[in-house]
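The following explanation leads through selected features of a structure, beginning with a metal site and ending with a helix.

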Amino acid sequence: MKCRHCGSALRCNFLDLGFAPPSNAYLTAADLSKPEVYFPLRLKVCEECWLVQTEDYASAESLFSAEYAYFSSASRSWLAHAAHYVETITTRLGLGQQSMVIEVASNDGYLLKNFVAANIPCLGIEPTASTAEAAEALGIPVLREFFGEALGKTLADEGRSADLILGNNVYAHVPDINDFTRGLKAALKPGGTITLEFPHLMRLIEQNQFDTVYHEHFSYLSLFTVGRIFESAGLRVFDVEELPTHGGSLRVYGCHTDDPRQTTDAVGLLLSEEEYRGLRTAATYAQFQVKAEQVKNDALAFLLQARREGKTVAAYGAAAKGNTLLNFAGVKPDLLSFVCDAAAAKQDKFMPGSHIPILHPDVIFERRPDYVMILPWNIAAEVRQQLASLSEQGTKFVTAVPHLEIR
Ligand SMILES: [Zn+2]
């Protein structure tokens, strides 16, 4: 297999999670009597550009047939994050009624609604019909297409180039990252700005976040690699911020290569830190498998011990990362009886692979388990707050990543 960015041969393994079904392929009761399709889930790293990427496998297109769609507005903390971003970027770039903002993967309008409220023209790009409809209901124009070079050029030809193009948690999920980046270049006005947010590979490695790996998450990105990809498309990263979201993300600021804006010191500093932490050393990547197995084994040991002691364990948050952990560990409903999730679309379905039933959050208060494993550890504080009354009655909360914690 060749690197999806630079075409070099991929020789270095990063992580092997065995086989797993697509992380968003939630099952109905009827599905449980049918066969379930598993795909290999392995990551490799390119020793030339250091892009960490999923290994190719057959029939990748079937990943995207799932009916389930994630609605960004479901998370209150994420809404606040989006509103704060819009406020600061509007001031920083001096955006106004003459400006044009494009968001790639605009989801249900969770972010662009803030631009609509500020009278700043915007356009969402979102191929998922259900979320696009929700955005349109908020008065946001939406193009229901996948973004890439072809669409970028069409937008430019139609005079719809952007002063700001943003993409939150989409860059790591696109199968062809070069084509996507050329699309950003094509749709960006001279003097325009790109901002992209994505989980930072440095934090993934440091915090054992192997459970953020799933098939639809094609790339695991460092600032160094994003800088290289931008450069090859005629773009330049001129600033970067580290964010606490999703266990540690980057927000990179991009412009055309010849833009007069100077590259900030933050870029050089973070590049040095990545190098210091071994992100350009093959040995760093070779060691990760053992760390992931340690986290998995500790989580499994906890579940087995609880079972032996006759304690009840439930989970909260039927998130993709939960599916990665549970399937890697081979956990089934005998060890983890049910999971609660606030999203109505997931309720009364079953987790892919593990077949653990997904129930309404009320159930967790009725059954009061001895332990609640919080699968989306990135929102553990928010969840503990929501379930505070359980803790008063003796329930303990468990998180598996970065290492097993019971409190
Ligand atoms: Zn490469």
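C3 has a relative accessibility of 5% and therefore counts as buried, a term that denotes under 20% relative accessible area, with exposed meaning over 50% and partly exposed in between (1.4 Å probe, protein chains only). C6, at 29%, is partly exposed. The model is predicted, so local features need pLDDT of at least 70 and side-chain atom pairs count only at pLDDT 80 or more, whereas totals for chains, interfaces and linings use all residues. Residues are numbered from 1 along each chain as its sequence is written, and side-chain values use heavy atoms, with hydrogens and water left out.

Both cysteines belong to the zinc site: the SG atoms of C3, C6, C46 and C49 are the protein donors, 2.3 Å from the ion. Donors are N, O and S atoms within 2.8 Å of the metal (3.2 Å for Na, K and Ca); water is not among the atoms, so sites may look incomplete. Along the chain, the zinc donors follow the spacing C-x2-C-x39-C-x2-C. The angles among the four donor atoms run from 101 to 119°, and the site is tetrahedral, which for four donors requires all angles to lie between 85 and 135 degrees.

Helix α10 covers residues 288–308 (helices are DSSP runs of H or I, at least four residues, numbered from the N terminus). Its buried residues include F288, A292, V295, A299 and F302. Seen down the axis of α10, the buried residues fall within an arc of 160°, taken from the directions from the helix axis to the C-beta atoms, so they line one face. The face turned away from this buried side carries the exposed residues V290 and R308.

Terms used. Helices (H or I, at least four residues) and strands (E, at least two) are DSSP runs, numbered from the N terminus. The expected span of a helix is 1.5 Å times one less than its number of residues. Four donors count as tetrahedral if all angles lie between 85 and 135 degrees; four count as square planar and six as octahedral if opposite donors are over 155 degrees apart and all others between 65 and 115; anything else is irregular.
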